[in-house]
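Biologist: I am new to this one. Can we go through it together, term by term?

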Amino acid sequence: MLHRPHAGGLPESPTGRGGELAALAARAASAHTGHAQAVLLSGPSGIGKTRLLRAFLDAQAARGIRTLYAACGREPAAHRAPAAYDGLPEGISDDIPEGAATAPYSAVRALFGPLGLTGAGHSPLLRGGAHHALPALTPRAATTAPPAHQVLHGLYRLAGNLMTDRPLTLVLDDAHHADEHSLRWLDFLLRRAEHHLPLLVVLAHRPEAEPLAGDALAAVGAPHRTTVLPLGPLTETESAELARKILGTPVGPAFAGHLTAASGGNPRTLTHALRTLRAEGTAPDGRGARRAAELCAAMTATTTRRRLDHQPGWVRDVATAVAVLGEDEPQRVAALAGVPTGLVEDALTALRRAGLVAPGHAGLVDAATRAAVLAPLTEPELTALRTRAVLLLSDAGRPAEEIAEHVLRLPGPVPPWMASALRDAAARAAARGGHKTAARYLHAVLRAEPDDLSARTELARALAEINPEEAVPLLEEALALPTDPRTKAAVAAQYGLTCVALRRFTDAVRVIDEALTAFAAGSGPRTGPADHELAALLESVLLLAGIVRRETIAAVRDRAARMTLPHGDTPAQRQKAAMMSILTALDGRSAERTVVQARLALRSPGAEPGGWAAFAAAFPLALADEVDDALTALDQILTQGQEYGEARVYTLALTARSLVLHGIGAIPDALADARTAMGLTAEEPQCAELTMPHIVLATALVDHAEPRRAEEALARIEPRQLDGHVLEQPAYLMARARARRGLGDQEGAVALLFACGEALAAAGVANAVFHPWWVHAVRQLSALGRTGEARELAERWTGPARAWGTPRALGLAAHARAVTTPGPEGVVLHTEAVEWLAGSPARAEHARAEYYLGRALLTAGDQPAAREHLRTAVGLARQCGALALAEAARGGLVTAGGRMRKATGCRTDLLTRTERKVAALARAGASNREIAEALFVTVRTVEMHLTGVYRKLGVGDRAALASALPPDGPPEPPAGMPTVAYGRPARAAR
């Protein structure tokens, strides 16, 4: 038919189809310049092909393009306007109705019929041989003979006549129902018009449907001239927009998600459900989501049953077997359906034509269709089928998790052999980090065997990773049972780990301490490998829980003093060694012993799922200046957390890495990790209560000359919740002190620094470089003129610094003494501090020592030497990203009569490690969501990093990013740049 736009003007574009509509318009613009081509619009029933075509045709007609439309297989389709999915008349479907017009040239007649070309009168459209088309334009031409050459040329001439004054667009909807003669002519037309006629042919079809003329349709859609444009389901965002249009009110993400899942994103099903909700006055809330799911399921069921009713009984049996088994081997489908194996593929072909099985697959298209296929079965019939399916899969040796999913669909408790399969599947799921899946299987085991202690413990272990509150009652019930000491010890260890996740440290220490005593006093020797491993596990959990709070650390420190250092051959031994190394590090008397213990914890080649060994070992290693090993351990944990989707583990490891990076002077990288960790605390419920990401972010922001934002990050923490915390409270107090100092509140900073020292002393922490509050206090006191207090503090901490003995500790001690020592002696001490810190990985502290040495030399009147050290301080501070220090050092340099040398290098040197990864992925064409999934961060975090990349590179969008980066990504940084984006900073020689 000749398509005309609606009287009211252009219709609104179909929801969620803006990209496809633009693609059609682009193909039309290209075709209408004289490069004839075709578009194959592909999608299942109800996906919105016709609605999209209507919007496209109206837009074409508004531009003066002649448009002809026909819907194949629908009589009288040629005289009906294209139906929209938001106004689809009842009864219309993409199935071939009875008596469909499939005679030769029926599609051609539908296209050209409205032109009224009967031959009864003269028409200019029939000039130049076009009259030879008349036999194809009248029903009298219906014949099974091959198309006559002159008829094909006549139709070609007719199309050419239509294009004499303007371009032509031919649209054939439901082309899988088109007759062969019409499709052969379209192929003939496209081949001859390809290089000189302004023609666009659009064919819409269902890929799962069997075409009436498959070879002819394939010829029209030849790849060299045809663009395939698939229509997929609507996304949640698009479903929400459609709901807003129909319901007249915005809907929330949860409602949109339920709606999309229930409808499979099918616009026709969505529209039906939404219009019914509107008519019923149902709000888009939880009740509305449930009602929408019912409506979508009912519509899917109706469509499915109608299509199945047209199939033979054996095809319906195969459909039922596929609904039970899923996409499976033909032999098992045949066995469950009770049909010969050779008929399974024939049945699947018939089901694909009916749109119930996806093209290229052997499973039903979606869950709603599967439910509709199974709906007619009674519960006993369905249970019998599912039981047979489990037996077939078990006999075939299928993977345990595949069998378990079928077992879970059975009602009531399962027999013992099925419970065993569930246990096996749970163990496999837990090993790959699928704790939620493991918990589902183990819940079913516990229903079948409610008194099974091991099942209860395994379930609690899985729940501890995803919902520890639910795990605690299970473990408390198990601890109350009269069991042997070994079993109770294993349950106690899991209880302790679960309590750690819930921050119930006192409960954990109490139960583990009791379990250790009972285990040691139990009957029988404790000399076997399993007993040694269990004892090591208990001790490691005791140390893990006990070092967190001041009220428990003293007791576990005493017990640790009586412990023997393990060899590190097993996971529990490695975890124990890691916790012992933390206590040794906090004691602050032997960096060498700390490193030995920590490296025992890293004897495993990779991070161990569920273990804290590598994570715990990274902390003392960083304190001992073994930064390479610490970062390698944390990188392993980050890789594991990303692989298994463990958001909490990933966030904690990012936080720890931020602290380590800050300690070596890689401030931008530390800031990037801290911001990513903060993003995860906002996005992931299991990370919401974490406070350290706020603290490490504030710590990095202060050095980045953003003290106000640092205070804002710390303001999100309730200080009272940190009272008595050995690790977090001092970190919080020190971060607050440095933020106050950055804002000019020196007295407030000093008070907070001394509060930090008091908190550390109360916990018995004597390590000079663990939160070195005393160094900051010495600087502040000296700036306030309280030199005596500053000198006393520097002298008091020189001993502990020397006891720890690392270059960082010795450099900080020399620096603190130098700050309180005027004159030439002070210059000597400042020089000593520079030498020590230059040989440590603490690059920001080295820069600060250079700054103080330059100031001391300037005071002594040695301006040339002062300028050299101040210039070095500025360069180091800038490389570290310590902007506040760089600005202070630059001011000192100007005072000394100097100026900075011209900067070298390219702007990509400014990018952090994470920014480099984001930039490389964005340059490669990845979307923000794809980048977020690849890097295990939130989309908001990706947007933040991209903003930073654009700002640093001076570009405005992704298109400009490609030219700003080299072809192979950001280059290596200049030599000496202290960033871990390209490797670990080597320790300089003294």
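Biologist: What share of the 990 residues of the chain count as buried?

Modeller: This is a predicted model. Of its 990 residues, 54% count as buried. The cut-off for that word is under 20% relative accessible area.

Biologist: What makes Cys296 count as buried?

Modeller: Its relative accessibility is 0%. Buried means under 20%. Cys296 therefore counts as buried. Cys499 also has 0% relative accessibility, so the term applies to Cys499 too.

Biologist: How many disulfides does the structure hold?

Modeller: Zero. A disulfide would need a pair of cysteine sulfur atoms within 2.5 Å.

Biologist: Why is Gln636 called partly exposed?

Modeller: Its relative accessible area is 27%. Buried stops under 20%, and exposed starts over 50%. The value for Gln636 falls in between, so the residue is partly exposed. Gln636 sits in helix H29, residues 627–644. Its C-alpha is 9.4 Å from that of Ala653, and the two are 17 residues apart in sequence.

Biologist: How many helices and strands does the chain have?

Modeller: It has 46 helices and five strands. An open sheet of five strands runs in the order S2-S3-S4-S1-S5, with parallel pairing.

Biologist: What makes S2 and S5 stand at the edges?

Modeller: Strand S2 (66–71) and strand S5 (226–230) each have a single partner strand. One side of each is therefore left without a neighbour in the sheet. From one strand to the next, the twist averages 15°.

Biologist: How do you know that S3 and S4 pair?

Modeller: Count the bridges. Pairing takes at least two. Five bridges join S3 (residues 168–173) to S4 (residues 199–205), and these strands run parallel. Thr169 stands opposite Leu200 in S4.

Biologist: Which helix lies across S1, S3 and S4?

Modeller: Helix H6, residues 180–193. H6 runs at about 145° to S4.

Biologist: How many aromatic pairs does the structure hold?

Modeller: Seven. One of them is Phe112 with Trp185.

Biologist: Why is the pair of Phe112 and Trp185 called edge-to-face?

Modeller: Check the distance, then the angle. The ring centres are 5.8 Å apart, and the limit for a pair is 6.5 Å. The planes stand at 70°. Edge-to-face means over 60 degrees, so the name applies.

Biologist: What does the pair of Phe112 and Trp185 tie together?

Modeller: Phe112 lies in helix H3 (residues 106–112) and Trp185 in helix H6, so the pair ties together parts 73 residues apart in sequence.

Biologist: Are Phe112 and Trp185 buried or exposed, and how do you know?

Modeller: Phe112 has a relative accessible area of 1%. Trp185 has 0%. The cut-off is under 20%. Phe112 is therefore buried, and Trp185 is buried as well.

Biologist: What makes the pair of Trp774 and Trp797 stacked?

Modeller: The ring centres are 5.8 Å apart, and the planes stand at 5°. Stacked means under 30 degrees, so this pair is stacked. Trp774 is in helix H36 (residues 773–783) and Trp797 in helix H37 (residues 787–804), 23 residues apart. Both Trp774 and Trp797 are buried.

Biologist: Which residues form one aromatic cluster with Trp774 and Trp797?

Modeller: Phe754 and Trp773 join them in the cluster.

Definitions and conventions: Residues are numbered from 1 along each chain as its sequence is written. This is a predicted model: local features need pLDDT of at least 70, side-chain atom pairs count only at pLDDT 80 or more; totals for chains, interfaces and linings use all residues. Side-chain values use heavy atoms; hydrogens and water are left out. Helices (H or I, at least four residues) and strands (E, at least two) are DSSP runs, numbered from the N terminus. Buried means under 20% relative accessible area, exposed over 50%, partly exposed in between (1.4 Å probe, protein chains only). Axes are lines fitted to C-alpha atoms, for helices over the stretch in contact, and angles run from 0 to 180 degrees between N-to-C directions. Contact means heavy atoms within 4.5 Å. Rings of Phe, Tyr and Trp (its six-membered ring) pair if their centres lie within 6.5 Å; planes under 30 degrees apart count as stacked, over 60 as edge-to-face and the rest as tilted.
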